[in-house]
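Thanks for coming, everyone. I'll just walk you through a couple of spots in this one, so have a look at the screen first.

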Amino acid sequence: MAFGSFRELLASSVDVGSLSAAALAREAEESGDSPEQVLERMDAALSVMERSIELGLSGEARSRSGLVGGDAALVARSAPGLSGDGLSTAVARALAVAEVNASMGRIVAAPTGGASGVLPAVLTTIAERTGAPRERTVRALVTAAAIGGVIAARATLSGAAGGCQAEIGSAAAMAAGAAVELAGGTPEQVGHAASFALQGLLGLVCDPVGGLVEVPCVTRNATGAAVALAAVELALAGVTFPIPLDEVIDTMGHVGRSLPPSLRETARGGLAASPTGRAIGKKTD
Amino acid sequence: MMRIRSLFDIVGPVMIGPSSSHTAGAARLGALARAVLGGTPCTAQIALHGSFATTGLGHGTDRALVAGLLGFAPDDERLPRALDLAKEAGLDVTFTQEDLGEVHPNTARIDMTDADGREFVVQGSSLGGGDVLVTLINDFPVEVSGELPVLVVVHHDQPGVVAAVTARLAADAINIASMQVARERRGARALMLIETDGPVPGDIADSLAAIEGVTEVRRVPKV
């Protein structure tokens, strides 16, 4: 993966006008595919995301354990929308994809299966609310992937290595940055949005009840989407974060390495170790 | 640790959930084992190690491995029904939980037989993000990632076989990306693994099989 830092990605964007253009050019160069082919493939990924949202909202995706499923439909139907429709829409969609993932349906890892709901939820919601054409949404996915690539290069995207901050935190950073580009923000604002999302989720532990990608993973996709939306508002208002994104990412990596193994996907700590979490874990064995 | 080569390693892979390591990676391991055998096995004894053994069932690791053995891609929506579909396909699968020693936590060993009763063993690990590494084929330690097509050439350990095989590939302008050679013991059965940049056509594989000393050639595609 070409970009080892957001700073380098930002510098490359100066000549071409946007982070997605810079990332697209580099991907085409390294893969040997044309930029059009890369965009086609990303468009196909967006279609899979959209189908997984639809399937999840239908309420038909239920996990084999019975722990999750049907809540995306419940939110879509019954959430009061007290914070506006954008939030409830994104939350419902994040749950939808995460429920499809937990029920062995088809999703796009973004960056992982467990965190696959955040990016499609935030991006499709912001696309609708800004009226952005599909082609720009596809390009925003390229920006999301480029941000995730920097995180992978500097820290980790794996819950086993860095806790949930590496999965949901990274997904929220990717989503917030991509949404800011989609909404017409500057490349610098994309970086601030990603920083706001990641700093808000620093330290988040990975504690899957019963070792399953269900509780609390599914609802963490919803809260990850909410954090991303807050980050988008901050960045587009012109608020800046004083610590550069690369350093926020490095910090996430350090924090991840200092988390005890019990809080890194082993299901031996956090909610997995709560009395009810243990009881559920026994039942699903 | 997963390898990042492309934007599609971050937004992607497209996969059946819930886990890129325990589901998508397991499906790719199964697919590699199938390719080494040369088709759908008749029997498969699958030993699950470490995290595959402890949290595999909840992540559909069992069904994903079998889906791969049946030739399904990691994003094939039949994957959750793979155990039932295996029965229909005449594939008899059994699972055990085993300690396979000092190996990656997400490791499986697949002992397979084909229709002619020939036995093949493939052991491999799921490294994260859907990346895999086959580490053992029969008794031979190997490293196969499935990112490039691989020729598996079983031959007698005798002088000239390796040279004849590579000369034949060179004559057809097939570029070798990497090559591994191993043998059970001097003068016994040996194995060549040849990673190529592009797939090797069937007629060339057939001509390799006709080389003196070569007993079998398998084409393992990119998975």
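**Two helices, then three strands**

Okay, so helix H5 of chain A and helix H11 of chain A pass each other in a right-handed crossing. Keep in mind that this is a predicted model. H5(A) covers residues 85–102 and H11(A) covers residues 217–237, and their axes come within 8 Å and cross at roughly 145°.

Which residues of H5(A) and H11(A) make the contact? On the H5(A) side you've got A:Gly86, A:Leu87, A:Ala90, A:Val91, A:Ala94, A:Leu95, A:Ala98, A:Glu99 and A:Ala102. From H11(A) come A:Val218, A:Thr219, A:Asn221, A:Ala222, A:Ala225, A:Ala226 and A:Leu229. Sort the residues of that contact and you get 12 nonpolar, three polar and one charged.

Right, over to chain B, and strand E5, residues 119–128. Is E5(B) mostly covered or mostly open? Mostly covered: nine of its 10 residues are buried.

E5(B) has a partner in strand E4, residues 106–113 of chain B, and the two run antiparallel with seven bridges. To pick out one pair, B:Arg109 bridges to B:Gln123 in E5(B). Five residues sit between E4(B) and E5(B) in their hairpin, and in the turn B:Gly117 has a positive phi of about 80°.

E5(B) also pairs with strand E6, residues 131–137 of chain B, again in the antiparallel sense, over six bridges. Here B:Val122 has B:Ile137 of E6(B) as its bridge partner. The hairpin of E5(B) and E6(B) has two residues between the strands, and B:Gly129 takes a positive phi near 65° there.

Key. Residues numbered from 1 in each chain as written. Chains lettered and ligands numbered in written order. Predicted model: local features only at pLDDT ≥ 70, side-chain atom pairs only at ≥ 80, totals over all residues. Heavy atoms only, no water. Axes fitted to C-alpha atoms, helices over the stretch in contact; angles between N-to-C directions. Helix = DSSP H or I, 4+ residues; strand = E, 2+ residues; numbered from the N terminus. Left-handed = near helix turned anticlockwise from the far one by under 90°. Contact = heavy atoms within 4.5 Å. Nonpolar A, V, L, I, M, F, W, Y, C, P; charged D, E, K, R; others polar. Buried < 20%, exposed > 50% of the residue type's maximum accessible area, 1.4 Å probe, protein only. Pairing = 2+ DSSP bridges.
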